[in-house]
Amino acid sequence: MIRISNYSEFDKYHAYDGNDLGAVYFADRTVFKTWSPYATGVYLNLYLDGEGANLIETVPMELMSRGVWYVELMYHAEDIYYTFTYEFDNRKRFETIDIYAHACGVNGQRGYLVDMKRTDPPGWEETPRPVCASPCDAVVYECHVRDFSIDASSGAAPGDRGRFTAFTKEGTRYHNVTTGLDHLKELGITHVQLLPVFDYATVDESKPYKAQYNWGYDPMNYNCLEGSYSSDAFDPRARIREFKQLVQTLHRNGIGVIMDVVYNHTYYTEESAFQKSFPNYYYRLDRNGRLSNGSGCGNETASEHAMYRKYMIESLKFLATEYKLDGFRFDLMGLHDIETVNMIRDELNKFDPPLLMYGEGWTGGESPLPSDKLAYKWNSYSFGRVGLFNDNIRDAIKGGTFNPYDIGYISGNRNAWAVLRRGLAGSVKHWQLNNAQEACWAVSPAQAVNYIEAHDNHTLWDKLSVCAKHFSREERIRMDKLGAALFILAQGMPFIQLGQDFLRSKPRVPKEGEPVNEVTVVDHNSYNSPDSTNSIKWNEKAENIDVFNYYKALIRLRRNNPLFRMRTKEDVEHHMFFYDTGDSSFIAYRLQDQNDTLIAVFNPYIDERHFLLPEGRFYIRLNEQGKMNKFPIGGDVVIPPISAMVFKKIRGSNS
Ligand code: CA
């Protein structure tokens, strides 16, 4: 019904640049504004509740300039729910929640009017955000709110399990190991990245005791929070207050909070609030005028259209300010246009300290926007201040993610070293490495988000159970630890999935008639799998405490030595030197500045290897157990099978 032949022309005449869309409070009145230039009428509906037949009144809105519809209530409207009804062609009417709503009722059907200032927990203003001078200083831990505490082994009180409040409680244990918040502190990570906590569609918030699960990549209301993580989804203030308590508690413990945002598509298409507000404006269309599907989820948003670009920027600024967030992770960032991504970076730089910003440099399907305009990984040089998930180092270390049997460096692939070395050097150009641009794609190490496990695909431990099934458990644990040493010590920003540090697995029950084998008993896409698959079983931390202690040691080593956290391409070029060991897969390099010399050696073989230390006296900074040994050594050293060793030069020793 609505056809716009040229969106940039359309935007010139119709886009609105005010920052007052939605509901705005003044001392004695409440003003509503919404943008819909082609509507023939817009109405504000006020309700007593978040659902059901309890309309208070419907008020017609008035068309101002540039497609903005306006109405004001002559009182401070709080604790009231609202929607807009948009009318097109004088006949079709769509009722929907306001896309700018900051709070909502159960299941996100209606906006909720609340003065956000009154949702702050005590001490909120006084709790500062932690300082993180560079992405290279961050160690990010990816957590799903429910997975973190839903299992009884978390030690969380029943009322906290699966909810925001579980992150606010100290002292939880499984037997003698720490769980929950204490676990985060003990591991030593700097940031928690939460899987989507904005309001998503596929968990019915009205049924808190029904068996339901979703990762949350099914966005409904970007500026509202998910109700199923709160103690009461029917109380719109509960989720806001409890999420602020989560942020506040983590901040008090020096841990930043990163929000996973999914602006690239909406769960609903024709039924989405965007489509109902202004059909076919907020999404990209294909040549036939149909919604395109670059996300693989039924639609893709159009960040290059002025009013969706504006929407994204204002939404991010609102979330960052209101919830004191420390960064954003962009889902399928490759679908957003480069100009928008750089504008967002500029906005997030205005915060003090600046926010972290990184994303997936790929899409979920083909987009109609020309590929040179998209924030794809292969356009990385055009948005060098924004981090990108490093699938090169990931696949080099553990093998390709799409074939579970594919092996990587840690599991016996003797061709993975070339890509791996580039990853170790921050994916920037380095004089000792083959500088093909597709491999050295990062402008600086700060752009490389190094990881080998995330919510997508198999966990590292499950991957090893398939591709390295002929090895013993002890050998697979060595592979896991070697993989951890490689990506945590690599130049860039390390990213770890919750539980990866104690061999997280996602067990799966094969369907009836399905063969039972190493592939069918693990879940590689658990987005709506049950808790039995997704939840953290904290007993596994107790059982694999040696692995946990090793991850912890790696994180401490990285955080204590700036040489593992070099900021620029030039630093890496000048301070990182690869040794010629006579065997490309036996990787050894030196990191050196005026103060320190560190040597890291990686042995992927099932037997030990020898390495000749350069002149001087060294000590073992990290052995295969993650331990340090201050006893001075030099010359020939043994690197145990499938392991990493880090040596540190004793200062002032040159012979
Ligand atoms: Ca929801």
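N280 sits in the loop between helix 5 (273–277) and helix 6; helices here are DSSP runs of H or I with at least four residues, strands are runs of E with at least two, and both are numbered from the N terminus. Its phi is near 65°, a positive value in a residue other than glycine. N280 has a relative accessible area of 15% and is therefore buried (buried is under 20%, exposed over 50% and partly exposed in between, with a 1.4 Å probe and protein chains only).

A word on the ground rules: this is a predicted model, in which local features need pLDDT of at least 70, side-chain atom pairs count only at pLDDT 80 or more, and totals for chains, interfaces and linings use all residues. Residues are numbered from 1 along each chain as its sequence is written, and side-chain values use heavy atoms, with hydrogens and water left out.

S427 also has a positive phi without being a glycine, at near 60°. This serine is found in the loop between helix 9 and strand 20, and it counts as buried because its relative accessible area is 1%. Another positive phi, about 75°, belongs to G426, just after helix 9. Here are the three together:

| Residue | Phi | Place |
|---|---|---|
| N280 | near 65° | loop between helix 5 and helix 6 |
| S427 | near 60° | loop between helix 9 and strand 20 |
| G426 | about 75° | just after helix 9 |

As for helix 9 (residues 417–424), its buried residues are L420, R421, R422, G423 and L424. They pack against helix 8 (391–398), helix 11 (473–489), strand 20 (448–450), strand 22 (576–578) and strand 23 (587–592), where contact means heavy atoms within 4.5 Å.

Helix 7 covers residues 338–349, 12 in number, and spans 17 Å from first C-alpha to last, close to the expected 16 Å; that expectation is 1.5 Å times one less than the number of residues. I338, T340, V341, N342, I344, R345, E347 and L348 are buried in helix 7. Their packing partners are helix 6 (306–322), strand 17 (327–330) and strand 18 (356–359). In the loop between helix 7 and strand 18 you'll find P353, and the peptide bond leading into it from D352 is cis, with omega near -10°.

Next, a helix pair. Helix 3 (residues 180–187) and helix 14 (residues 545–560) have axes 9 Å apart and pack at about 55°. Axes are lines fitted to C-alpha atoms, for helices over the stretch in contact, and angles run from 0 to 180 degrees between N-to-C directions. That angle makes helix 3 oblique to helix 14, since under 35 degrees is roughly parallel, over 145 roughly antiparallel, 65 to 115 roughly perpendicular and the rest oblique. H183, E186 and L187 of helix 3 meet F548, Y551, K552 and I555 of helix 14.

Now for the calcium ion. Its protein donors are D199 (OD), Y200 (O), E205 (OE) and E226 (OE), at 2.2 to 2.4 Å. Donors are N, O and S atoms within 2.8 Å of the metal (3.2 Å for Na, K and Ca), and water is not among the atoms, so sites may look incomplete. Along the chain, the donor spacing reads D-Y-x4-E-x20-E. D199 counts as buried because its relative accessibility is 0%, and Y200, at 2%, is buried as well.

Finally, G652 lies in the segment after strand 29 (643–649). With a relative accessible area of 81%, G652 is exposed. G652 and D596 are 56 residues apart in sequence, and their C-alpha atoms are 9.8 Å apart in space.
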